[in-house]
Amino acid sequence: MDIVESIHDLPVQDPPVEEFSSADLTWTKFGTYENHDDAALIPYDRVDEFIIGECSNLEYPTRFHIERGRKRKKGSLREYSDDDFLEYKLYWCSFGPENYGEGGGTLPSRKYRLNTRNRAARPQSMRGCTCNFVVKRLYARPSLALLIYNQRRHVNKSGFVCHGPLDGDAIGPAAKTVPYICNEIQQQTMSMIYLGVPEENILEKHIEGIERYCPSNAKVNSLASQYVHKLGMIIQRSTHELDLDDQASIRMWVERNRKSIFIHQDASETDPFILGIQTEWQLQQLLRFGHRSLIAVDSTFGIKRLKYPLCTLLVFDSRQHALPVAWIITRSFSKPDVSKWMTALLGRAHSVEPGWKASGFLIDDAAAETDPIRDIFGCPVLFSLWRVRRSWLRNIVKKCNNIEVQRELFKRLGNIVHGIWGGSDTAVALEQLTQDFVDQTAFVEYFKSYWVPKIEMWLSTMRTLPLASQEASGAIEAYHVKLKVKLFDDSHLGALQRVDWLVHKLTTELHSAYWLDRYADECDSFQNVKEEYIASTSWHRALQIPDSAVTLDDTNRLFAKVSSQKDSSIVHLVWNPGSEFSFCNCMWSMQGNICKHVIKVNMICESHKGYQPSMSFQSFKELLVSISKKPMEDSISQDLSMAWTMQMLEQVRNLVEVTRAEDIGAVVNNLPLHWAARKGRTGVGKPSTNLALCSGKRTAPRQKTRKRRRLSRLT
């Protein structure tokens with residue numbers, strides 16, 4: 001590495017993050033060939049932020065104290081060099097420089113141990129850490145600070161890690177009896193407390209997690225009990241009101257939770273309020289399940305009851321359940337404001353995984369801006385029918401008392417939507433609808449005032465955008481229902497107009513619920529939580545209904561019967577089978593939801609002739625037909641378009657085959673055999689080290705690295 005001798009050759013670095021550490025800076029060798037150290041140049045007013053970042057090191061959490069310092073007055077030097085200081089401070093890790101452990105002693109320059117104050121994390125835990133750096137405020141340029149790191153590693157004079165999670169000796173008084181609590185155990189315990197699990201059950205699971213790192217005994221159990229009890233008391237006493245003023249309270253919360261914020265914009269005369277929340281765990285789920293997959297949005301939640309509407313970005317996890325990965329609280333849905341938070345969200349994802357990319361974006365509002373999605377995410381936009389279906393069904397059940405009128409009215413509305421591909425006149429169909437149901441005054445007035453003015457916009461969006469499947473719509477609706485239950489509890493109705501309360505509910509109870517669901521499913525623990533999580537969507541509940549429980553009306557195809565699995569004497573009627581606008585008489589469907597009986601009947605209707613295909617499949621079919629009709633007849637463009645269409649059909653066919661196959665090995669055996677080049681065939685499935693051995697060259701054997709594990713002496 002080149003050594004820089006002049007301070008003018010060092011660039012001034014100003015990281016964009018609020019708090020930064022040495023990992024965020026580019027270090028240069030500064031000095032002479034005989035004596036040089038790592039150096040970096042930063043603005044002097046950001047020195048405190050650098051020190052805070054250094055103290056927040058996950059591997060070596062610590063504090064730094066001023067071991068030595070000097071000051072000069074401006075103008076006290078007649079002649080000075082570029083690296084002369086106006087202020088000089090030597091910062092040392094608070095686990096050093098003395099060593100109070102076994103074999104340690106005071107510094108040679110000190111005749112006694114300093115006992116004025118304890119600078120380390122625990123009393124008498126000085127372990128001789130040699131990590132230290134110098135901060136020089138330059139005499140020639142007082143606005144800049146020169147950072148010189150003499151020792152960046154937190155090691156003692158012997159070169160061993162002497163504190164932190166990587167320290168095998170687990171320093172500190174009685175540290176060998178203190179149970180190690182990783183982030184996973186802490187999050188598990190917090191989630192169970194937020195969800196109201198009894199403290200005895202929480203303690204049992206907490207001790208089970210600790211036993212993975214150290215054996216259990218009376219001391220460990222006592223400390224674990226104290227930890228769970230104190231954590232529960234802290235959570236119970238925590239409040240969302242950090243200040244009586246809601247806006248000031250939000251500012252304080254943002255300052256305390258910078259890592260969970262990807263955008264924050266205060267309300268002003270020109271700019272609306274925007275708050276984007278994404279925890280580190282949510283970011284991991286976005287990168288994991290959103291890459292080359294679909295992102296869905298539950299928009300405008302609580303637009304009538306909350307102070308600011310809530311928009312949620314969702315991904316579909318390994319069980320195709322909707323998982324919240326970001327929350328956006330704002331009242332503005334204009335294109336510039338939507339572009340702001342989308343750009344910030346994508347930038348955060350790319351900062352961790354530069355190659356991350358979404359394959360599709362599902363929207364549920366016809367008035368949503370689609371240009372920012374295409375411009376920023378660069379993916380196609382799909383439309384989900386769940387919101388319009390839910391709104392129509394809820395109001396039909398609420399405003400019409402006769403069940404026969406309810407199912408016929410819902411069917412007629414579904415026919416209007418299905419008519420977007422048949423060329424039917426929407427205005428004529430709506431006029432006929434209002435005349436036929438003129439006696440249903442409450443619903444007709446609601447429909448005319450709320451839907452008729454914008455029905456063309458919604459139908460046009462359904463016609464131009466591909467439609468999402470019932471599985472995706474059911475997953476989004478399941479999240480919406482869960483969010484509604486969590487937020488609109490009777491005990492919280494007085495706090496709906498405070499943003500800090502909404503943020504508190506999202507980041508504590510709702511976040512903990514989804515974290516525990518995913519943890520229970522992946523780790524095969526908390527069987528009751530896992531079972532409820534798997535059955536949380538109507539699609540998965542429909543898969544549990546056997547085909548023999550469904551009876552179709554083959555005569556007129558007006559209805560289908562579904563026998564209850566719990567009580568064989570109960571039979572649910574599904575009218576208008578095979579349609580997204582099927583009507584079921586079960587309680588879940590009467591609340592406006594997509595029930596398992598409707599989904600199961602539609603699954604059965606797919607394999608029977610005489611039933612119309614689903615709207616998502618019809619939309620996909622129309623899209624393929626439009627591709628084939630686009631070019632001029634008997635032209636090369638037509639051949640190219642047909643080739644693209646066949647390629648898409650082949651990919652879809654392969655995807656369906658893999659999805660429906662019970663034995664993946666049979667699918668792999670049917671794949672065509674691809675021959676590699678002769679030279680490449682020798683390396684297929686073999687590590688690169690074997691290739692080196694085959695070439696005749698002798699290589700040194702691979703040395704095994706010995707890692708000092710935490711709590712190694714406890715086992």
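These are my notes on the enclosed cavities in this structure.

I am working from a predicted model.

**Count.** I looked up how many cavities of 30 Å³ or more the structure holds, and there are 2.

**Largest cavity.** I took the volume next: the largest cavity holds about 70 Å³ of space. I then listed its lining, which consists of Leu385, Trp386, Arg389, Ala468, Gln470, Ser473, Glu580, Ile594, Met615 and Ser616. Which helices supply at least two residues each to this lining? I noted helix 9 (386–399), helix 14 (470–487) and helix 20 (615–629). Sorting the lining of the largest cavity by class gave me 5 nonpolar, 3 polar and 2 charged residues. I marked Arg389 and Glu580 as the charged pair in that lining.

**Second largest cavity.** For this one I noted about 40 Å³ of space. Its lining is made up of Leu409, Leu433, Thr434, Phe437, Phe443, Val444 and Phe447. I checked which elements give two or more residues to the lining of the second largest cavity, and found helix 11 (426–436) and helix 12 (441–450). Helix 12 has the largest share there, with 3 residues. How many nonpolar, polar and charged residues are in this lining? I recorded 6 nonpolar, 1 polar and no charged residues. The polar one is Thr434.

**Side by side.** I set the two class counts together: the lining of the largest cavity includes 2 charged residues, whereas the lining of the second largest cavity has no charged residues.

Technical notes
Residues are numbered from 1 along each chain as its sequence is written. This is a predicted model: local features need pLDDT of at least 70, side-chain atom pairs count only at pLDDT 80 or more; totals for chains, interfaces and linings use all residues. Side-chain values use heavy atoms; hydrogens and water are left out. On a 1 Å grid over the protein atoms alone, a cavity is a set of points where a 1.4 Å probe fits but cannot get out, and a pocket is an open set with protein on both sides within 12 Å along at least five of seven lines; lining residues have an atom within 4 Å of a point. Grid points are joined across faces, edges and corners, and a volume is the space filled by probe spheres set on the points. Helices (H or I, at least four residues) and strands (E, at least two) are DSSP runs, numbered from the N terminus.
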